[in-house]
Amino acid sequence: MKIVVCVSHVPDTATRINVSGDGKNIDSTGVTYIVNPYDEFAIEEALKHKEKSGGETYVVSLGGDANKETIKKALAMGIDNGILLKDDSYRDSLSVAKALAAEIKSIGADLVFFGKQSVDYDSSAVGQLTAELLGMPLISVVVDLSVEGSKVTAEREIEGGKEVIETTLPCVITTQKGLNEPRYASLKGIMAAKKKIIEEKPALAVANYVELLQMKRPPAKEAGKIVGTDVSAVPELVRLLREEAKVI
Amino acid sequence: MSKVLVFIEQRNGIIKKASFEAARVAADIAGKTGSEVEAVCIGDEVESLEKAGNFSVPAVTHIKNKDFANYSSSAYASALAEHAQGASATVVVFANTSMAKEFSPLVAANLDAGLAMDATAYQVDSTSFIVTRPVYAGKALIDVKITSPVKVLTLRPNVFNPGEPSDLKAAVTVKEVTNADLRSKVIETKKAEGKLDVAEADKIVSGGRGLKGPEHFTLIEELAEELGAAVGASRAVVDAGWRSHSEQVGQTGKTVSPNLYIAVAISGAIQHLAGMRSSKYIVAINKDKDAPIFQVADYGIVGDAFEIVPELIKEIKKIK
Ligand SMILES: Cc1cc2nc3c(=O)[nH]c(=O)nc-3n(C[C@H](O)[C@H](O)[C@H](O)COP(=O)(O)OP(=O)(O)OC[C@H]3O[C@@H](n4cnc5c(N)ncnc54)[C@H](O)[C@@H]3O)c2cc1C
Ligand SMILES: Nc1ncnc2c1ncn2[C@@H]1O[C@H](COP(=O)(O)O)[C@@H](O)[C@H]1O
């Protein structure tokens, strides 16, 4: 059994976003980068699956040298092998997926985990795209998962509830908060990770179909109105909501 | 003539409202690019498909099979991709619902199409296709240009106004399909009983840690009930176990853009704002006048939620 986890390396969610000089990216001065929060659930699930059923685990990240930090974190949590698909340039989701799919195919994975979304570009697409490129069935936004033999049953979040989905291995899962509690890397894990070698190779070169023209700040909201400072303001608030905003 | 397709989503045979927003956008894109527009619905029995006509889409193809009654990512994706190929579609538009978020990228990969998810604006003509979408949880926007011959686009619900429905009825063509690709299938749907979901709601009342305990959420529920709103929550109260994660609004919860968002006793941390700042009207009730939530609120009351909210419920009852 080979289990692959794909992880992205993203700015901390508390980061205040400023647009960089070229108007196409964020100004990374002083920004801390972290393992994409949703990918921690993916790493944890891969580790749990290995503990239960055995197998070999791989973490794959596409990006620049900085992504090694994120790969190391996954290795310290217990993933066996680290692979960096090197490319510093901007890539659209499909071109990321094509490079990941090529690598996953060459590993020969039976079970592939993604986070449900990267908290930088927020596309929520790379896992699904990769599944289709691999010809594997997909279940996304998973909050409960069971794999028995080759039978896979998962619960995924939808509007107003959940749906229970069945499929078979090999398959792709994208993980959502609630699936598990990601473990902390133990001291032993951190030491062991230091000895693991991260395999580096160039990411498969493919054309982008989506070109980034510019990044901009959202239109500033006009300063709101403080209607009042105690209960006497309530009738005025209701009037404003009714007559000005027309929302009630 | 090239074709713009719009996916019409049904659950239990009933069409989603956001699909009509997408229909109007698809018709507009078709007009601007000199293309035809067609709606595609995948399902078994589906009610009122001719309604797509009310939103400027004169033709609907209903891809029909009894196994399409329930959603299946593999079956829906291959059926739609096959249809798109057959129709030589150049653009496929979806509303960015949980169903489309899952299977629209499958369609894109299948068609080798460039894709933009969760768009909030677009600027297209016969030579260029530019889409605006929020990134970093709405802290920034990007303009992207899709350059591939086939393009897939999903639209953030509640952003595009579907406008007044006309009387026009669409012509519905049923296309029976024999073999559904059921590699993955839904075997059960668990509905959260009678509850409105924040992701779909037109109004939301959210509560935060300032409410001091789960028992005080009855206040939030009551206000929501009066307004016909969904109940939302900050992460602090979800982490404390007061409310379920499905109600969490924010960067690691749901991104919402209702017409009205009322934040009660929520400080307005950057990760919370990320999930709700695109709401049309924001009301904040917080006892700290310096709480960051007031920076994004259209209307604020600085005061004690335990006094303000009961009064608000009373006033709203009065006008009903
Ligand atoms: C990686 C990461 C992801 C995150 N994702 C999210 C997310 O998705 N969503 C989210 O919400 N948060 C998220 N957070 C957490 C966020 O940083 C804040 O901690 C959280 O939003 C605070 O919740 P709160 O406003 O309810 O609580 P607090 O910050 O404790 O605020 C309580 C507020 O209540 C007010 N108050 C107290 N008593 C009263 C009263 N009687 N009447 C009126 N007002 C009163 C106080 O003035 C205060 O402003 C995330 C954090 C991290 C690190
Ligand atoms: N550059 C990358 N390298 C490896 N995995 C990635 C990369 N970008 C995205 N992913 C994976 O795809 C998921 C969804 O990302 P996105 O579609 O960008 O929101 C993430 O949670 C990761 O698991």
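Start by selecting B:Phe94 and B:Phe103 in this predicted model: both residues are buried. Show their rings and look at how they meet. The ring centres sit 5.5 Å apart and the planes make an angle of 85°, so this pair is edge-to-face. When you judge such a contact by eye, remember that a pair of aromatic rings is described by the distance of the centres and the angle of the planes.

Now widen the selection to B:Phe7, B:Phe68, B:Tyr71 and B:Tyr76. Together with B:Phe94 and B:Phe103, these residues are linked by ring pairs into a cluster. Over all chains, the count of aromatic pairs is 12.

For another of these pairs, stay in chain B and pick B:Tyr281 and B:Tyr299. Is this pair stacked or edge-to-face? It is stacked, with 6.3 Å from centre to centre and 5° between the planes. Colour the strands next: B:Tyr281 belongs to β17 (residues 281-286) and B:Tyr299 to β18 (residues 299-302), so the pair ties together parts that are 18 residues apart in sequence. Switch on a surface and compare the partners. B:Tyr281 has 25% relative accessibility and counts as partly exposed, whereas B:Tyr299, at 2%, counts as buried.

Next stop: ligand 2. Select the residues around ligand 2 and you should find 18 of them, the closest being A:Cys6, A:Asp39, A:Ser118, A:Ser124 and A:Ala125. Which atoms should you check for polar contacts? Begin with the backbone of A:Cys6, where an N or O atom is 2.7 Å from an oxygen atom of the ligand. A backbone N or O atom of A:Ser118 also lies 2.7 Å from a ligand oxygen atom, and you can draw a 2.7 Å line from the backbone of A:Ala125 to an oxygen of ligand 2 as well. The protein covers 93% of the 480 Å² of accessible area that ligand 2 has on its own.

Colour the shell by element: β4 (56-63), α3 (93-107) and β6 (111-115) of chain A each give two or more residues. β4(A) contributes the most, with three. Recolour by class and the shell shows nine nonpolar, eight polar and one charged residues.

Finish by following α3(A). Its 15 residues should span 21 Å at 1.5 Å a residue, and the end C-alpha atoms are 21 Å apart, which agrees. How many of its residues are buried? The helix is mostly covered, with 12 of the 15 buried, among them A:Ser93, A:Lys98, A:Glu103 and A:Ile107. Step just past the helix to A:Gly108, which takes a positive phi of about 80°.

Notes
Residues numbered from 1 in each chain as written. Chains lettered and ligands numbered in written order. Predicted model: local features only at pLDDT ≥ 70, side-chain atom pairs only at ≥ 80, totals over all residues. Heavy atoms only, no water. Near = heavy atom within 4 Å. Polar contact = N/O pair within 3.5 Å; in protein donor to acceptor, adjacent residues only side chain to side chain. Areas by Shrake-Rupley, 256 points an atom, 1.4 Å probe, with all protein chains shown as cover. Helix = DSSP H or I, 4+ residues; strand = E, 2+ residues; numbered from the N terminus. Nonpolar A, V, L, I, M, F, W, Y, C, P; charged D, E, K, R; others polar. Expected span 1.5 Å × (residues − 1). Buried < 20%, exposed > 50% of the residue type's maximum accessible area, 1.4 Å probe, protein only. Phe/Tyr/Trp six-rings, centres within 6.5 Å; stacked < 30°, edge-to-face > 60°.
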